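Welcome to my notebook. I wanted to get to know this structure, so here is what I looked up, step by step.

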Amino acid sequence: MVDAIYIHIPFCQRKCYYCDFLSFSNMNDEIDNYVEHLIKEINLYPKYNFDTIYFGGGTPSLLSPKHINKILENLNFNSNSEITLEVNPITVNYDKLKQFKNSGINRLSIGIQSFDNKILKLLGRLHDDKKAISTYYDARKAGFDNISVDLMFAIPNQTLKILNNDLNILKNLNPEHISIYSLIWEEGTKFWEMKEKHILMPLSNEIEADMYKKIIDFLTKNNYIHYEISNFSKQNFEARHNSKYWENKEYIGVGLGSSGYYNRFRYKNVCFLDKYYGIINISDLPIIEKEIIDKKDSFKYILGLRLLNKGISPREDKYIKICNDLVKKEFLTNTNNKYFLTKKGIFYANDVFLEFID
Ligand SMILES: C[S@@+](CC[C@H](N)C(=O)[O-])C[C@H]1O[C@@H](n2cnc3c(N)ncnc32)[C@H](O)[C@@H]1O
Ligand code: SF4
């Protein structure tokens, strides 16, 4: 039985220069209408009891607490459910966070990216270090005891010293969970255009690897468990919702452009607002692509290896051979008939994953 739902909110105050997530800026007037259609879409699915609910984006914290209330009123969950809201600091204050808490949100994922004001400006973020830190403390004051912080690294002009400073501030804040992503250069973004024009230069692979090593050493020394390639948590604070993706479990995805995995099908929703509204208004699911997933699919091994302490145990000869070859190259280790990424393998994870693809 499916017990997870992802809810996509495709609106942002302003588009960050590096980001190609499906979101629109300057469309706040559309939010009421969007939420109405979102609720209709939710009600096209059977009433499941959700163990995890995830508001992602875009910027879900652009919604008012009333919107969040309305959406949650249309979902079944229980007092132990994990209900996460992604927050961009620029969109919230103490009162709004308190109201989010009252509406049932019990986990925040705050997009901070860096505490360095020059880097934040370069990224096109609208907040500075002070706003990032005050948002974190406001969230604590509002009663959130499960907070995740997003940071990024391998950003042009970012040095190991800047990264070190980010990590030290983070350590003092002491969040329960940290997601830390290396910058991906996405075609179609302002960053991509600046790279093409040689205005911005990607950092070298060596510096990126040094940064990643620094992050792992620093956070693991400070009692964070490195449980997924880009994710660290205090004990028992792993992201329950995201872990379901990595464990290849089914989940419903609602909202514009959302992906889901439901009744053995992986699916994707339409990406155009008028189409999304149109299909929902005739009481249909706004799905554009649907693909049945073979249980032996390599996908689950790739996802499974991302969870560093869980490991995978393939039964098919083909995948056992791939794993054993990767053990010889010291990218994987075999313990109790389970394969795990080694320390070296973590740094070459993308190359390792490619081996599983036909
Ligand atoms: C949907 S956003 C989080 C919430 C909110 N929109 C915000 O940015 O504050 C998810 C996260 O993806 C990461 N991200 C987005 N684009 C990225 C890129 N091109 N490379 C690496 N990480 C990226 C950022 O860390 C961001 O916080
Ligand atoms: S990083 Fe977050 S706030 Fe910035 S454009 Fe992407 S989704 Fe919007």
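Before anything else, I noted that this is a predicted model.

**Entry 1, the annotated span.** I began with residues 1–222 and found their end C-alpha atoms 37 Å apart. Helix makes up 40% of this span and strand 23%. I then turned to UniProt, where an unreviewed entry lists residues 1–222 as "domain: Radical SAM core".

**Entry 2, the sheet.** Next I followed the strands and found nine of them in an open sheet with mixed pairing, ordered 9-10-8-7-6-5-4-1-11. Strand 9 (225–228) and strand 11 (252–254) are the edges, each pairing on one side only. On average, neighbouring strands are turned by 20° against each other, direction ignored. I looked at one edge up close: strand 9 pairs with strand 10 (residues 231–233) in the antiparallel sense, over three bridges. There, Ile225 has Ser233 as its bridge partner.

**Entry 3, a helix on the sheet.** I picked out helix 6 (residues 160–173), which lies across strand 6 (107–113), strand 7 (147–153) and strand 8 (177–182). Its angle to strand 7 is about 175°.

**Entry 4, ligand 1.** Which residues come nearest to ligand 1? Of the 18 around ligand 1, I noted Gly58, Gln113, Arg125, Asp150 and Ile184. Strand 5 (76–87), strand 6, strand 7 and strand 8 each give at least two residues to the shell.

I then checked some polar atoms. A backbone N or O atom of Gly58 sits 2.8 Å from a nitrogen atom of ligand 1, and one of Tyr18 sits 3.1 Å from a nitrogen atom of the ligand. In the side chain of Gln113, an N or O atom is 2.7 Å from an oxygen atom of ligand 1. On its own, ligand 1 has 560 Å² of accessible area, and the protein covers 93% of that.

How values were computed:
Residues are numbered from 1 along each chain as its sequence is written. Chains are lettered from A and ligands numbered from 1 in the order in which they are written. This is a predicted model: local features need pLDDT of at least 70, side-chain atom pairs count only at pLDDT 80 or more; totals for chains, interfaces and linings use all residues. Side-chain values use heavy atoms; hydrogens and water are left out. UniProt positions are given in the numbering used here, feature names are shortened, and annotations may be inferred rather than shown by experiment. Helices (H or I, at least four residues) and strands (E, at least two) are DSSP runs, numbered from the N terminus. Two strands pair if DSSP finds at least two bridges between them. Axes are lines fitted to C-alpha atoms, for helices over the stretch in contact, and angles run from 0 to 180 degrees between N-to-C directions. Contact means heavy atoms within 4.5 Å. A residue is near a molecule or strand if one of its heavy atoms lies within 4 Å of it. A polar contact is a pair of N or O atoms within 3.5 Å; within protein, one must be able to donate a hydrogen and the other to accept it, and residues adjacent in sequence count only if both atoms are side-chain atoms. Accessible areas come from the Shrake-Rupley method with a 1.4 Å probe; for residues, only the protein chains shown count as cover.
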